[in-house]
Amino acid sequence: MADEKRFENEEIQKGLEDFVDRQLNLDFSLTESNQKEPMQKKPTKADFDIIGYTEDAYDELKFDLSTDRTGNDSHDRGPTDRTRVASHGKKPADRTRTDSYGKKPADRVRTDSQGKKSADRARTDSRDQKSTEHTRRDTSARSRREDEREREIKQSKMQAKNQMAGKKNKNSKKQNKKKKKNGAAKAFLIFLAVFFILIFGGIHMAVNHVYQKMTYNEVESLTKESYKDNGVVNVLLIGNDSRLGGDDGRSDAMILVSISDKTKTITMTSFLRDMYVEIPGHDGNRLNAAYAYGGPELLMQTIEQNFDIPVHRYALVNFEAFANLVDAVGGIDLEVTNEEVQLINGYLMEYNQLLGRNLDYDWLDASASGVIHLNGPQALAYTRNRYIGTDFGRTERQRKVLGEVFKKLPGAMVSNSGGVIDGLFPNLTTNLKQNECYKIALGGYKIIGYDMVQQCVPMEGTYSNATIRSMAVLEVDFEANKRFLKETLYGE
């Protein structure tokens with residue numbers, strides 16, 4: 001029993017010693033941290049040796065220690081008790097720290113180590129959390145950038161696809177338009193081809209039909225000469241005064257019909273028959289004498305030599321052809337004076353006599369004047385008048401009649417083509433070849449739109465009246481008239 005009591009006391013003593021060591025260390029630590037002066041004397045273990053205490057003293061000490069733990073005030077206690085009481089007067093954080101020193105050194109180390117580890121773990125966790133957050137933010141930002149790039153790439157691809165689709169649509173539309181245009185163009189070309197085949201075929205048949213009714217008279221010296229010169233077709237229209245339908249008689253009318261692609265005109269140029277000219281192979285004489293000497297061939301040569309105008313084709317018509325042509329177009333309306341009416345009736349008497357009709361057939365009212373509708377014989381009589389206005393007036397009247405006939409000729413070819421063909425061409429002689437007539441007919445659609453121009457040679461102010469070898473003639477300034485013809489026919 002005594003041994004057990006002693007063993008217990010030793011254990012209590014050992015526990016108190018350990019407690020004192022821990023408490024002393026705590027006091028010095030707190031004193032230094034609070035910058036207070038250390039204790040004057042460090043207590044020793046002997047000051048607290050309680051092995052020799054009685055049980056009553058031991059019990060009292062235990063009671064005091066238990067009272068201090070409960071927070072009760074104690075007086076007249078030893079240094080250990082005062083230290084314990086002082087530690088209870090500190091702040092809660094200090095008490096916590098003081099309590100922690102109540103453990104064993106190994107426990108304090110373990111506790112400190114655990115605290116450090118805990119702090120390290122906390123810092124590590126904080127760093128890891130921050131790193132994780134940074135990583136998450138970086139990953140999120142990276143994914144957003146990648147998403148934006150993907151969206152941009154998708155948008156650019158979509159735009160490229162839309163542009164390509166738009167281009168394809170435009171190209172397809174253009175191709176469709178081109179196809180439609182090409183289809184329309186092809187259809188139009190086919191229509192034109194068929195149209196022109198029909199027209200050309202009809203023209204060819206018509207020209208062939210008409211040409212068979214005309215009289216072709218070859219002029220050997222002009223056969224190889226072109227009918228067209230520098231864009232101008234010159235055909236000399238000769239009206240002779242033959243009463244029997246032949247090519248004998250005098251050249252009562254000499255009109256050069258020029259179809260010019262340059263000036264876009266159809267020009268009728270009357271050459272006065274009284275001009276004094278040089279006739280190849282003959283002496284100088286009036287122009288109409290050339291026809292009497294050598295017919296159409298010599299007349300064309302004379303005009304070309306004196307006026308420097310190439311004339312390689314002609315068409316000769318007589319009285320009957322002229323009158324039939326006017327009737328074929330339905331007659332013409334002209335401004336006529338009463339004096340001209342009287343002369344028209346006079347020429348009609350001669351014409352009726354040739355045809356074996358009553359002398360007053362087709363006479364006009366002797367008192368008539370103004371705009372009068374003239375038929376073929378009346379228009380012929382009107383052009384033969386040489387008493388009013390001399391030869392200038394007569395050629396002017398001839399051009400007036402032909403101008404009116406040409407205006408009505410296209411319509412007459414539609415409404416009365418048989419009358420035109422049968423009335424004119426059987427009384428016409430020409431050196432135009434059939435293929436040349438065909439070419440002129442093909443250009444008829446252009447010729448219809450050309451302006452009609454009438455003029456006379458010699459032009460006003462370029463001639464004078466003269467008497468040569470007892471002949472009343474006109475002396476002409478040929479150079480001035482050459483320039484005049486070059487300008488009006490060729491636009492030079």
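**Exercise 1. Determine which strands pair with strand 8 and in which sense each pair runs.**

*Solution.* Step 1: strand 3 (residues 232-240) and strand 8 pair in the parallel sense over five bridges. Two strands count as paired if DSSP finds at least two bridges between them. Strands (E, at least two residues) and helices (H or I, at least four) are DSSP runs, numbered from the N terminus. The model is predicted: local features need pLDDT of at least 70 and side-chain atom pairs count only at pLDDT 80 or more, while totals for chains, interfaces and linings use all residues. Residues are numbered from 1 along each chain as its sequence is written, and side-chain values use heavy atoms, with hydrogens and water left out.

Step 2: in the pair with strand 3, G239 stands opposite V317 of strand 8.

Step 3: strand 8 is also joined to strand 11 (residues 428-430) by three bridges, and these two strands run antiparallel. Here L316 stands opposite T429 of strand 11.

**Exercise 2. State which residues of strand 8 point one way and which the other way, and whether they are buried or exposed.**

*Solution.* Step 1: in a regular strand, side chains alternate between the two faces of the sheet.

Step 2: in strand 8, R313, A315 and V317 point one way, and Y314 and L316 point the other way.

Step 3: five of the five residues in strand 8 (residues 313-317) are buried. Buried means under 20% relative accessible area, exposed over 50%, and partly exposed in between (1.4 Å probe, protein chains only).

**Exercise 3. Compare the end-to-end distance of helix 6 with that of a straight helix, and locate its bend.**

*Solution.* Step 1: helix 6 (residues 288-307) has 20 residues, and a straight helix would reach 28 Å at 1.5 Å a residue. The expected span is 1.5 Å times one less than the number of residues.

Step 2: the end C-alpha atoms of helix 6 are only 15 Å apart.

Step 3: helix 6 bends by about 135 degrees at G294, and the proline P296 follows within four residues. The bend at a residue is the angle between axes fitted to the seven residues ending there and the seven starting there.

Step 4: just after helix 6, D308 takes a positive phi of about 60 degrees.

**Exercise 4. Classify N465 and Q342 by accessibility, and give a spatial partner of each.**

*Solution.* Step 1: N465 belongs to strand 13 (residues 463-468). N465 counts as exposed because its relative accessibility is 66%. N465 and E475 are ten residues apart in sequence and 6.2 Å apart in space, C-alpha to C-alpha.

Step 2: Q342 lies in helix 8. Q342 is partly exposed because its relative accessible area is 39%. Q342 and L364 are 22 residues apart in sequence and 8.2 Å apart in space, C-alpha to C-alpha.
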